[in-house]
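Trainee: I would like to go through some of the terms used for this protein and ask what stands behind each one.
Mentor: Go ahead; here is the structure.

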Amino acid sequence: MDSSARNVEHTVNSAAFPRQFARTRRFSLGVPRQFTVSPDGSRVLFVRTGSGTDPVGRLWQYEDGKEQLLADPALLVGNGSGEVPEEERLRRERARERSVGVVSYATDDAARLVAFALSGALWAVRTDGGAPFSVPAAGPVVDPRPSPDGRHVAYVSRRCLHVVDLAGADRQLARAEGPDVSYGLAEYVAAESMHRMRGYWWAPDSRHLLVARVDTGPVERRYTSDPADPTKPPRAVPYPAAGTPNAEVTVQLRSLEGGRIDVQWDRKAYEYLVAAGWDAHGPFLTVQSRDQQILRTLAVDPATGATELLHERTDPAWVEIVHGTPARTASGDLVLPEDDGDTRYLTVGGRRVTPRGLQLCEVLGVEGEQVLFTGSEDPLETHVWRHEPGRGNRRLSRGPGRFTGVGRGGTVVLAGVTPRGAEARVLREPAAGTGADQDAPYQVIRSLAEEPSVTPRPRHLTLGERQLRGALFLPSWHEEGTGKLPVLLDPYGGPGMQLVGRARGWFTCVSQWFAEQGFAVLVVDGRGTPNRGPAWEKTIHGDQLTPALEDQIDALRAAAGHCGDLDLGRVAIRGWSFGGFLAAGAVLHHPEVFHAAVAGAPPTDMRLYDTHWKERYLGHPDEQPENYARCSLIGHGHLLSRPLLLVHGLADDNVAAAHTLRFSAELLAAGKPHSVLPLPGATHLPADDAVNEQLLFFQRDFLWEALKGRTEED
């Protein structure tokens with residue numbers, strides 16, 4: 001292909017990408033997800049939409065290399081196109097769910113009965129044949145879960161916990177005593193900041209449940225409205241801002257016969273319920289102190305509700321929550337993380353079973369004495385591992401990428417993002433002594449996601465004395481040495497998320513698209529980002545802004561040493577959420593480096609963010625106010641001297657629009673020109689396809705205009 005033909009192809013693909021990005025919901029549609037493996041390993045259940053642009057999720061079963069459609073909302077009455085209950089809408093928002101239809105499901109222990117909700121109606125289907133059938137419920141259904149024996153389905157309706165048998169006999173196990181009380185639902189900070197998305201757990205005997213009771217009465221209310229439609233009343237949202245009261249969370253043991261036992265622990269000292277469950281050894285809880293320096297695992301006596309301390313983790317900064325822990329093996333050994341210096345270890349029965357340098361990311365499951373987990377030896381990759389006594393640790397995922405998984409009965413589903421995009425592989429592990437898992441054959445569950453019209457071309461770099469991991473994206477049409485390119489930093493840069501890796505995620509496609517517009521795009525994961533060990537994470541304790549900005553600046557200068565085409569006289573930065581905070585902070589505090597910024601949904605006032613997330617890093621605002629003053633953008637607006645675009649969804653109940661509106665008011669009062677783009681009806685991640693498409697063009701044009709005519713001396 002000659003150069004003119006390549007330029008035409010580049011222009012067409014580059015122009016088409018924003019629309020494709022929006023209508024594919026960031027290339028998430030058509031990707032198989034939410035896997036469940038049957039006890040014998042022969043069957044895999046999963047959810048997948050009908051194509052890369054079809055938002056309707058369907059329930060599938062994979063067996064013997066063949067797919068079987070179990071539930072298609074289009075064929076059911078109440079097919080998911082109607083109104084979703086408010087509690088379910090909030091659950092989806094917390095999970096950043098972008099599809100409709102069957103978006104989640106739960107099964108009995110045998111994976112034979114599947115329950116799911118559609119527009120508030122309760123549906124079930126048997127995997128061994130037959131059509132889906134509706135199950136009468138007392139009201140709009142949220143989070144239905146079959147009992148282990150498949151005879152009942154528990155669900156939440158109007159904040160009350162119900163159990164129904166498949167014939168429709170319904171009983172209310174726990175009734176909400178008032179409008180501020182709910183049973184069986186996760187409170188805000190649990191879902192948003194602890195990643196605990198559920199509020200009840202079945203016992204193995206299918207006769208009892210462990211149930212969380214949440215009282216949001218003490219919590220401050222925020223009122224979210226739609227200014228574009230003044231006829232709509234505001235919606236009250238209980239939101240515990242830093243330093244303010246949390247919801248009161250208690251736990252009860254409930255029986256199908258109506259019995260109730262209150263679980264007892266020192267809730268004044270340990271007010272956070274981080275995790276819970278009920279396995280063959282009994283019910284258990286994980287609770288955490290308000291300062292997050294102590295995390296306790298408690299065994300619960302099912303007869304009395306009394307608790308016994310099984311394990312305690314402490315840290316002078318904060319104890320990091322590792323999803324999937326605690327867990328217990330068949331013999332009763334506790335499966336837990338342990339932090340020591342630069343490594344987060346996996347421990348089983350109090351013994352470290354992983355080596356130094358392999359960072360435990362998540363425990364995926366326990367079967368017998370085997371533990372399935374994800375770990376990272378290289379910050380650019382995350383892999384699925386299995387620990388088995390006598391055989392040690394074996395890596396199951398192959399090739400570069402970021403993987404997670406689920407396993408049972410000798411079968412493991414490896415789902416992840418590779419340099420080729422999203423993939424899901426079914427691996428049947430060989431029996432002990434028959435060969436290495438690396439050589440075991442696997443099958444692929446098809447992804448129907450669209451192929452991006454822009455192909456990411458990252459150049460992975462290790463930058464500066466801290467060996468920061470970065471990716472540099474250059475235009476496909478650019479020949480190095482032929483001219484300088486303006487630079488666009490495109491980070492997240494905060495805790496909980498890595499952008500740099502050997503994987504083609506949606507964010508790498510967006511970075512490449514900006515590169516095709518004429519930028520040299522640099523993405524860097526700095527201090528505080530995950531999977532580089534506890535010491536790396538804790539460097540931001542007390543200051544989430546200064547180290548993050550230092551790392552972006554150091555990486556920028558180091559990258560210029562690798563590529564002489566970076567024009568350090570024209571440097572912009574863009575980001576969303578923490579990345580938006582970082583972008584706005586960059587032009588405030590370092591205008592000598594950064595010449596323009598786009599800040600999407602930026603948390604500008606740290607006191608406005610939630611208790612569990614913000615106090616983890618900055619402490620209590622009444623005790624350490626200097627940390628909040630240091631990290632907040634509010635109070636520093638007078639420093640602005642560069643073009644800044646603020647973008648915010650007006651229905652955002654995570655980072656409230658007040659963050660941007662108050663900051664804008666401060667900038668205006670200080671006489672600092674800036675631009676604000678409000679998004680009516682948009683939450684933390686805008687869902688409107690047209691908005692998401694045009695946002696890319698809008699940011700591009702703003703940044704180009706801001707950098708136009710600049711020289712290195714300006």
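Trainee: What makes strand β10 count as mostly covered?
Mentor: This is a predicted model, and the values are computed from it. Buried means under 20% relative accessible area. In β10, residues 142-146, 5 of 5 residues are buried, so by that cut-off the strand is called mostly covered.

Trainee: How do you know that β10 and β11 pair?
Mentor: Pairing needs at least two bridges. There are 3 bridges between β10 and β11 (residues 152-157), therefore the two strands pair. They run antiparallel, and Pro146 has Val153 in β11 as its bridge partner. The two strands form a hairpin with 5 residues between them. In the turn, Gly150 has a positive phi of about 75°.

Trainee: Why are β10 and β13 called edge strands?
Mentor: The open sheet has 4 strands in the order β10-β11-β12-β13, with antiparallel pairing. β10 and β13 (170-174) each pair on one side only, and that is what the name refers to. From one strand to the next, the twist averages 25°.

Trainee: What joins β12 to β13?
Mentor: 4 bridges link β12 (residues 160-165) to β13. At least two are needed, so these strands pair as well. Val163 stands opposite Arg171 in β13.

Trainee: Why is the space of about 40 Å³ called a cavity?
Mentor: A 1.4 Å probe fits there but cannot get out, so the space is a cavity. Its volume also passes the 30 Å³ used in the search, which finds 2 cavities in the whole structure. Residues lining the second largest cavity include Pro379, Arg469 and Asp525.

How values were computed:
Residues are numbered from 1 along each chain as its sequence is written. This is a predicted model: local features need pLDDT of at least 70, side-chain atom pairs count only at pLDDT 80 or more; totals for chains, interfaces and linings use all residues. Side-chain values use heavy atoms; hydrogens and water are left out. Buried means under 20% relative accessible area, exposed over 50%, partly exposed in between (1.4 Å probe, protein chains only). Axes are lines fitted to C-alpha atoms, for helices over the stretch in contact, and angles run from 0 to 180 degrees between N-to-C directions. On a 1 Å grid over the protein atoms alone, a cavity is a set of points where a 1.4 Å probe fits but cannot get out, and a pocket is an open set with protein on both sides within 12 Å along at least five of seven lines; lining residues have an atom within 4 Å of a point. Grid points are joined across faces, edges and corners, and a volume is the space filled by probe spheres set on the points.
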